[in-house]
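Me: Please examine the structure shown below and answer some questions about its strands, its nonpolar cores and the contact between its chains.

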Amino acid sequence: MARKVVITGLGATTPIGGDVPTMWNNALKGVSGARTLEDDWVAKYELPVHFAARASTPALDVLSRVEAKRMDPSTQFGVVAAREAWADSGITEVDHDRLAVAFATGIGGVWTLLDAWDTLREKGPRRVLPMTVPMLMPNGVAAAVSLDLGARAGAHTPVSACASGTEALHLGLDLIRSGKADVVVCGGAEAAIHPMPIAAFASMQALSRRNDDPEHASRPYDTGRDGFVMGEGAGALVIEAEEHALARGARIYGELAGTSVTADAYHITAPDPQGLGATRALKAAMFDGRIQPEEVVHVNAHATSTPVGDKPEYTALRAALGAHVDNVAVSATKSQMGHLLGASGAVEAVLTVLAVYERKAPVTINLENQDPEIPLDVVTKTARDLPAGNIVALSNSFGFGGHNAVIAVRSI
Amino acid sequence: MASNEEILAGLAEIVNEETGLATEAVELDKSFTEDLDIDSISMMTIVVNAEEKFGVRIPDEEVKNLKTVGDAVSFIADAQA
């Protein structure tokens, strides 16, 4: 029998809260973290998108100036979230050789890379900082968290675009089940609100252009949805073998019951319109966790608010859960905080764990005219109570490249 | 042309900016690695910032000879002369 894995620590820094309690309170209220960007580069480069959802607490308000200097902004967010999760877990003593990190990013140190390129062109090679390489490498965040916590059972960086954060939990679960680690700090971090990624995502018509009304731009499942809103931040979860958590008398939020990763092998960016890869991922995660569809009461959907993306996820949910999908409370939390790319799966995992633990499903905002082709029971306006007893919640993440990742969280 | 005192003060600011060490800790007889715990990556950043601040060139092969703060002050003073 596989080792049972539980979640014992949560951390987050997001556009709707710089820590978990603030984020959770806002997620239950229903707020928008999207704002008009005040940066002069928006006008300078004539960007077609003028808004994004910035982290509500700048990392420099939390980290010291000197430690932040050696980290790309994405790593700064990751370290902030990982420290919160670690403190929240209450772990005081750990075998550091049995402590691993699985910390994802979608893009990596894009600010560092592009700043260094600007420096090279404007000032020459001598002025390119010696810390440039360790700051831009995608594994920089996992390495920084490992260094910060003394995690020596490996520091891993799953990279699968917007599925990365969820894939980190998939990897973490495997590390514990296979006996390679007892405790894993899982998470995802992203800081890509820079003119180049904005231009690139806009170029592929992925971003909302509701420039005159940023707070209503991210509207999953609404007929007026026109693209996602760029977000930034990080989420982190401490997961550990159940016997390890019980031995230290830990507060347990829930069980990481099952996870899965599949690939569409259909198109580099477009989702399979039948949602076949997503369906296989949902079924695989439920199989992994020995979960019956009827146990599922809540789904934190990927739901980015793009015209083409939201519907195949519904198709997949119906295929995986059958008629029971009509009884499931669905939350699309990107409506509030935008799309945190490689961090989104980790932040949404934190929300999913809290939904199970607190038995409340967060609010989906901006849903005014629900797409009739997506007849899900979406939680809108006020948070919804989830039932007592044994419950399961799922969180989906899908990424460019045809990546599908799903986690299943069971109540304790 | 900066005096040795001015070079020391300028260098102390650069070290403080890079490492967070108090400027008063940056004294002539202090070793960058032994006393100030500055690693090679921070040292290169300090060197490049010092080049810009004092308008001198500190060749890479010279950096390993700058063991103490006093060595760096002397090198910069000579280079400016």
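Me: Which residue of β6(A) does A:Ala102 stand opposite?
Reply: In this predicted model, strands are DSSP runs of E of at least two residues and helices runs of H or I of at least four, numbered from the N terminus. β4(A) and β6(A) pair in the parallel sense over 6 bridges, where pairing requires at least two DSSP bridges between the strands. Opposite A:Ala102, in β6(A), stands A:Cys186.

Me: How are residues numbered and chains lettered, and what pLDDT do local features need?
Reply: Residues are numbered from 1 along each chain as its sequence is written, while chains are lettered from A and ligands numbered from 1 in the order in which they are written. Totals for chains, interfaces and linings use all residues, side-chain atom pairs count only at pLDDT 80 or more, and local features need pLDDT of at least 70.

Me: Which residue of β5(A) does A:Ala102 stand opposite?
Reply: β4(A) and β5(A) run parallel and are joined by 2 bridges. Within β5(A), the residue opposite A:Ala102 is A:His156.

Me: Which strands stand at the edges of the sheet, and why is one side of each without a neighbour?
Reply: The open sheet has 10 strands in the order β5-β4-β6-β7-β1-β8-β14-β13-β9-β10 (chain A), with mixed pairing. Each edge strand has a single partner, so one of its sides is left without a neighbour in the sheet; these strands are β5 (155-156) and β10 (329-331) of chain A.

Me: How many residues of β4(A) are buried?
Reply: A residue is buried if 20 or more other C-beta atoms, placed from the backbone, lie within 10 Å of its own, exposed if 12 or fewer, and partly exposed in between. A:Leu99, A:Val101 and A:Phe103 point one way, A:Ala100, A:Ala102 and A:Ala104 the other, and all are buried. The count for β4(A) is therefore 6 of 6.

Me: Which helix gives the most residues to the largest nonpolar core?
Reply: A nonpolar core is a set of buried Ala, Val, Leu, Ile, Met, Phe, Trp, Tyr and Cys residues joined through C-beta atoms within 7 Å. The largest has 129 residues, and A:Val145 and A:Val185 are among those that touch the most other members. With 9 residues, the helix that gives the most is α14 (residues 344-358) of chain A.

Me: Which helix supplies the largest share of the side of chain B that touches chain A?
Reply: Contact requires C-beta atoms, placed from the backbone, within 7 Å. Chain B contributes 6 residues and chain A 8. On the side of chain B, 4 residues come from helix α2 (residues 40-54) of chain B.

Terms used: Two residues are in contact if their C-beta atoms, placed from the backbone, lie within 7 Å.
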